[in-house]
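Welcome! Take a moment to look over the sequence and the model, and then let us walk through them together.

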Amino acid sequence: MILDSRNEFADAVALNTGAAGTYLIGSQIDLTAGLAIGGNTIAYPGNSDGLHLVVTCDTTLTGATATLQIKLVSDDSAAISTTTSTVHYTSPTHTVGGAGVTAGGVICVVELPRGDYERYLGILQVTGVTNITAGKINAFLTMNPKTLTPIAAPDAI
């Protein structure tokens with residue numbers, strides 16, 4: 001899959017390791033210019049069909065009894081608020097060390113919900129119970145989400 005870096009929120013971005021709480025992570029996307037995805041310009045994500053948020057685990061997450069949720073949010077400022085932004089999607093809660101939060105795991109793949117989006121689109125990390133001590137994620141928008149099953153490379157011949 002080929003990705004446009006302008007449609008990425010996170011590319012091996014380390015999660016916040018502070019106390020349990022909500023944190024803005026990665027980059028934000030300014031929706032005023034539209035989204036260039038797969039050769040198409042999507043003027044407004046709240047009206048599009050087939051646009052997906054994909055969040056994967058790049059480096060295994062660690063942290064005693066920590067939990068993780070990802071929120072897709074929009075706001076009128078690039079410094080997206082962790083309290084007053086518009087929430088468009090909230091992932092299921094993942095227990096750190098559980099399925100989906102190991103390297104190569106899929107945290108969520110979801111079609112963007114229809115609705116009113118503010119100017120800036122971003123993701124929030126919601127850490128529960130205790131802090132995450134390490135781990136990185138990838139998060140991006142795509143028209144063609146894929147779930148890949150990593151396999152070991154064959155021995156050289």
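## Before we start

Throughout this report, two residues are in contact when they have heavy atoms within 4.5 Å of each other. Please also keep in mind that what you see is a predicted model.

## The protein as a whole

What secondary structure does the protein have? There are 11 strands and zero helices, so a walk along the sequence reads β-β-β-β-β-β-β-β-β-β-β. The protein has 157 residues, and 43% of them count as buried.

The surface that the protein exposes comes to about 7,900 Å², with carbon and sulfur atoms supplying 52% of it. Contacts also reach along the chain: taking those between residues at least 6 apart in sequence, 81% join residues at least 24 apart.

## An open sheet of four strands

Let us now turn to one sheet. Four strands make up this open sheet, in the order β1-β11-β5-β9, and their pairing is antiparallel. Strands β1 (8–14) and β9 stand at the edges; each has a single partner strand, so one side of each is left without a neighbour in the sheet. On average, neighbouring strands here are turned by 10° against each other, direction ignored.

As general background, the strands of a sheet pair through backbone hydrogen bonds, either parallel or antiparallel.

## Strand β5 and its two partners

Strand β5 covers residues 52–62, and in the sheet order it sits between β11 and β9. With strand β11 (residues 134–142), β5 pairs in the antiparallel sense over eight bridges. With strand β9 (residues 106–111), β5 is joined by five bridges, and these two strands also run antiparallel.

Which residues stand opposite L53? In β11 the residue is L141, and in β9 it is V110. A little further along, V55 stands opposite C108 in β9.

## A closer look at H52

H52 is found in strand β5. Is H52 buried or exposed? Its relative accessible area is 16%; because buried means under 20%, H52 counts as buried.

What is H52 in contact with, leaving aside its neighbours within four places in sequence? The list is V109, V110, E111, L112, F140, L141, T142, M143 and P145. Two of these names are already familiar: V110 in β9 and L141 in β11 are the residues that stand opposite L53. H52 thus offers a good place to start exploring the model on your own.

How values were computed. Residues are numbered from 1 along each chain as its sequence is written. This is a predicted model: local features need pLDDT of at least 70, side-chain atom pairs count only at pLDDT 80 or more; totals for chains, interfaces and linings use all residues. Side-chain values use heavy atoms; hydrogens and water are left out. Buried means under 20% relative accessible area, exposed over 50%, partly exposed in between (1.4 Å probe, protein chains only). Accessible areas come from the Shrake-Rupley method with a 1.4 Å probe; for residues, only the protein chains shown count as cover. Two strands pair if DSSP finds at least two bridges between them. Axes are lines fitted to C-alpha atoms, for helices over the stretch in contact, and angles run from 0 to 180 degrees between N-to-C directions.
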